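Biologist: I would like a close look at how the aromatic rings and charged side chains are arranged in this protein. Please take your time over the answer and explain your criteria as you go.

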Amino acid sequence: MPQAYLKGHDWSDLTREERFYCGALAEHARRDPLPLVRRLRELAQGRMQAVACDAAGDWEAAADVYLYRDFLWHQGRKARPPEFSAQRAFDVCLFGARDLILIEAEIGAPFDVMTANVAREDRRRLPALFGETCPRIWLCALAPSRYLERGGAQAGAAFADVAISWRDTHRLYGDARLLTADVMGGEAGGRLLGSSGLEGRGRGVRCGRAGVAS
């Protein structure tokens, strides 16, 4: 509800908190995951063809996921560095029967070397976390369209299998909050562009195997 002391805005019009927008995306993906899964597979240009996207019941979506901490707690263990960090949170996760899609989101900051290094460590740690039952792991970079168009996609490619914009998610679900994330973040993203020192591309891997998922 608009408030006079917020200059006639709802707080949801003003917040730049990534968790708010990631929660909005996960909310839609919980109800209808297939549009997002299919769009990611399309944008990956062949790298994610093995990802199943024909049954909504095969997917669960969640935001702000403390995967290491909570999974290990249910095994009677604690997440302890350097092996596993209890503080590591994934912005949005799509849990599939044979695939796990981890979405790293940005709004007002660029993807940087630290982001890429943490993601690479996740690729190494997740096989140890899940063992023989581990699914294929896919990393996704989610950011404002303006940032992706002006170099952010290349920065995201240093660690992710696929990049998608907040505007693209708005097209999928029609939620104005997702478009707000794109517009608000795009302004900051335009100022934060520059050489990130990141090169290369993430690769979807099957946990416990050296081969690349196809």
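By your rule for ring pairs, to how many aromatic pairs does the count come?

Modeller: This is a predicted model, in which local features need pLDDT of at least 70 and side-chain atom pairs count only at pLDDT 80 or more, while totals for chains, interfaces and linings use all residues. Residues are numbered from 1 along each chain as its sequence is written, and side-chain values use heavy atoms, with hydrogens and water left out.

The count comes to seven aromatic pairs, where rings of Phe, Tyr and Trp (its six-membered ring) pair if their centres lie within 6.5 Å, and planes under 30 degrees apart are called stacked, those over 60 edge-to-face and the rest tilted. One of them joins phenylalanine 111 to phenylalanine 159 in an edge-to-face arrangement, with 5.4 Å from centre to centre and 70 degrees between the planes. This pair links distant parts of the chain, since phenylalanine 111 is in the loop between β3 (99-105) and α5 (113-130), whereas phenylalanine 159, 48 residues apart from it, is in the loop between α6 (145-156) and β5 (162-165). Both phenylalanines, 111 and 159, are buried, a word used here for under 20% relative accessible area, with exposed meaning over 50% and partly exposed in between (1.4 Å probe, protein chains only). Elsewhere, ring pairs connect Phe20, Tyr21 and Trp166 into a cluster.

The helix and strand names above come from DSSP runs (H or I of at least four residues for helices, E of at least two for strands), numbered from the N terminus. The protein has eight helices and six strands, and along the sequence they follow the pattern α-α-α-β-α-β-β-α-β-α-β-α-α-β.

Rings also meet charges, and a charge is taken to sit over a ring if NZ of Lys or CZ of Arg is within 6 Å of the ring centre and within 35 degrees of the ring normal. The charged end of arginine 69 is placed over the ring of tyrosine 66, 4.3 Å from its centre, and arginine 88 lies over the face of phenylalanine 90, at 4.3 Å from the ring centre.

Arginine 88 leads on to the charged pairs, for its side chain also meets that of aspartate 122 in a salt bridge (2.6 Å, N to O). This bridge links distant parts of the chain, with aspartate 122 in helix α5 and arginine 88 in the loop between α4 (67-73) and β2 (90-95), 34 residues apart. Aspartate 122 and arginine 88 are both buried. Side chains of opposite charge can pair when their charged atoms come close. The criterion for a salt bridge is a side-chain nitrogen of Lys or Arg within 4 Å of a carboxyl oxygen of Asp or Glu, and a search of the whole structure finds 14 of them.

Helix α5 also holds arginine 123, and before turning to its position I note that its side chain forms a salt bridge with aspartate 161 (3.0 Å, N to O). Here too distant parts of the chain are linked, with arginine 123 in helix α5 and aspartate 161 in the loop between α6 and β5, 38 residues apart; arginine 123 and aspartate 161 are both buried. In another salt bridge, the closest N and O atoms of arginine 39 and glutamate 42 are 3.1 Å apart. Because arginine 39 and glutamate 42 are three residues apart in helix α3 (residues 34-43), about one helical turn separates them, and glutamate 42 is exposed, with a relative accessible area of 54%. Salt bridges further link Glu27, Arg31, Asp175 and Arg177 in a network.

The ring cluster can be followed further through Trp166, which is among the residues touched by aspartate 182, together with Ala143, Pro144, Ser145, Ser165 and Arg167, not counting residues up to four places away in sequence; contact means heavy atoms within 4.5 Å. Aspartate 182 has its place in helix α8 (residues 176-192) and, at 3% relative accessibility, counts as buried. Its contact partner serine 165 is found in strand β5 and is buried as well, with a relative accessible area of 10%.
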